[in-house]
Amino acid sequence: MYDEFTLPNGLRVIAERIPHFRSVSVGLWVGTGSMQETPEENGLSHFIEHMLFKGTERRSAMQIAEEMDAIGGQMNAFTSKECTCYYAKVIDEHFEKALDLLSDMLLHAAFHPEDLEKERGVILEEIAMTEDTPEDLVYELLSSAYFADHALARPILGPESVIRSVTRDQLLSFHRRHYRPDNTVLAVAGGYDLEQLKEMAARFLGDWSEPVHAPQRDAFGGCAARAETKNKDIEQVHLCFGYQGIPLGTDEAYPLSVFNNILGGGMSSRLFQKIREEMGAAYSVYTYPTSYPGCGVYAIYAGTSIEQAQAVIDEIHNQVRRFLDEGFTDKEFVQARDQLKGGYILGLESTSSRMSSIGRSKLLLGYANEIDTVVGKIESVTREEVMEIARKVLEGPYAAAAVGRKVDTLQLK
C-alpha cells in the first residue's frame, strides 16, 4: 500500500514505506521537460535544472554540497523529455535534511547572473559532448525523423542558439510558469514515519503558491517515417530504427515488453544472437520501447562498421519480417515473460528505484500501480496479445537514422 495525500496548494505526495530499510529516497518531480517547451524555449527545463544547484537565497552552491556530504547522502537531478526530477538518498535519520535541501533549491533558487553565465558554458560543453557520443546522437536524429515537428523531436539539452541567447528573465519566467505545486509530485520510498512526512511536506512545501496553468501538449499525428543521416568521421556506423510505440499508461506495455525481450531485449534475443553471435557483425545491438503521454516509439539500435552496415540493416529488416510471418515459439514466450518479471522485481530492490517508479507514474499518470498488480499483469500476458502488439508495432510506418562515415550511401528504408 502506498501512502498518498495532497497538500492544500495542490502538491501531490506518494510514498512507499519499507520498514526494514534504513535508507530513504526522496524526489521532487516537476512536469516540465522538452515536451512542454516551444522551439524558442527548447532547453530551458534542463538549464533550470543546472541553476537550482548553484545556490538559493540562504545557501551557496558549496553549502548545498557540504550539507549533503556531511550526512553521507547522495543528491542529483535529471531532465527528460516529459519531466524534471531532483532527488536525494540518505539514511532515515537525515530524511528531514534531504527534504529541506531539495525544497529550498526548488522554491528559492537564486539564479545569480554570474552563475548563469558559468552554467551556459557548461551546457554548451554538454551539447558538444553529445555530438561526440554517436549513440546519443543517432537517437536524437531518430527523434527528429520520427516525430518531425512535434515537441518530442526537440533535444532535451536544446539547440546551441537558444542556450547562447537565453536571458535570466526568460529563465525566471519559465520557472514561474512550470514550477508550480499543482505540477509537482513529492515521492518517498524507504524507512519513514507517515505523520512526520505529512508535517515536513506541509512545513517545507505547504506555503508554495503559484497560479495554476492547464498543461499544453502538441497532439501527435503519427510517425513521420523519414530517414535522416549524419556523416561523421568515426570508426563505427550507428543505426537506429523507430517503429510505432504505445502511449504511457496502457496495459499494452506488458505484451510489448515480452515482445521486446524476444526480438532484442537481451543476450538471448533474436537480434543479438543473429547479428552479434552468428554474423559477428556488431558488438552492440538491442531494442527498447519508450512511452510518453499520448504516444511512444519502439527503437532498434545497432553499432557496426561501414563495411557491415548494409548487411546489418538487411538482417534487421529480415528479422522483423520473420517475426511477422512466423511468430515465436513457446520457449521464447515463457522465457521472455519470466525475464520481464525477474527484471522488474530485481529492479525494485532499492529505495531509489522504487521512489523513481512511483514518482514518475504519479506525476504523469496520476496513479502508481502496486508491485503485486504489475507482477499479476506480467503473468497474465498471453501469446495472442504479444503477437497482436508485434503486428501493431512492426506493420506500421517507421523512421530511420544513421551516423558515421558514408551513411548517406546506405539503404535504410
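This report describes the two largest pockets in a predicted model of a protein structure.

**The largest pocket**

The volume of the largest pocket is about 1,000 Å³. Its lining consists of 33 residues, and those closest to the centre are Leu248, Ala253, Tyr254, Tyr344 and Arg360. Several elements contribute at least two lining residues each, namely α9 (253–263), β9 (284–292), α12 (330–346), α13 (351–365) and α14 (371–379). Of these, α13 provides the largest share, with 7 residues. Sorted by class, the lining of the largest pocket contains 18 nonpolar, 11 polar and 4 charged residues.

**The second largest pocket**

The second largest pocket has a volume of about 660 Å³. A total of 29 residues line the second largest pocket, and Thr130, Glu140, Pro155, Ile156 and Leu157 lie nearest its centre. At least two lining residues come from each of α1 (44–51), β4 (74–79), α4 (113–131), α5 (134–147) and β9. The largest share of this lining belongs to α5, which supplies 6 residues. By class, the lining of the second largest pocket has 12 nonpolar, 8 polar and 9 charged residues.

**The two pockets side by side**

Strand β9 appears in both descriptions: β9 supplies at least two residues to the lining of the largest pocket and at least two to that of the second largest pocket. The table sets out the main values.

| Pocket | Volume | Lining | Largest share |
|---|---|---|---|
| Largest pocket | about 1,000 Å³ | 33 residues | α13, 7 residues |
| Second largest pocket | about 660 Å³ | 29 residues | α5, 6 residues |

Key: Residues are numbered from 1 along each chain as its sequence is written. This is a predicted model: local features need pLDDT of at least 70, side-chain atom pairs count only at pLDDT 80 or more; totals for chains, interfaces and linings use all residues. Side-chain values use heavy atoms; hydrogens and water are left out. On a 1 Å grid over the protein atoms alone, a cavity is a set of points where a 1.4 Å probe fits but cannot get out, and a pocket is an open set with protein on both sides within 12 Å along at least five of seven lines; lining residues have an atom within 4 Å of a point. Grid points are joined across faces, edges and corners, and a volume is the space filled by probe spheres set on the points. Helices (H or I, at least four residues) and strands (E, at least two) are DSSP runs, numbered from the N terminus. Ala, Val, Leu, Ile, Met, Phe, Trp, Tyr, Cys and Pro count as nonpolar, Asp, Glu, Lys and Arg as charged, and the others, Gly among them, as polar.
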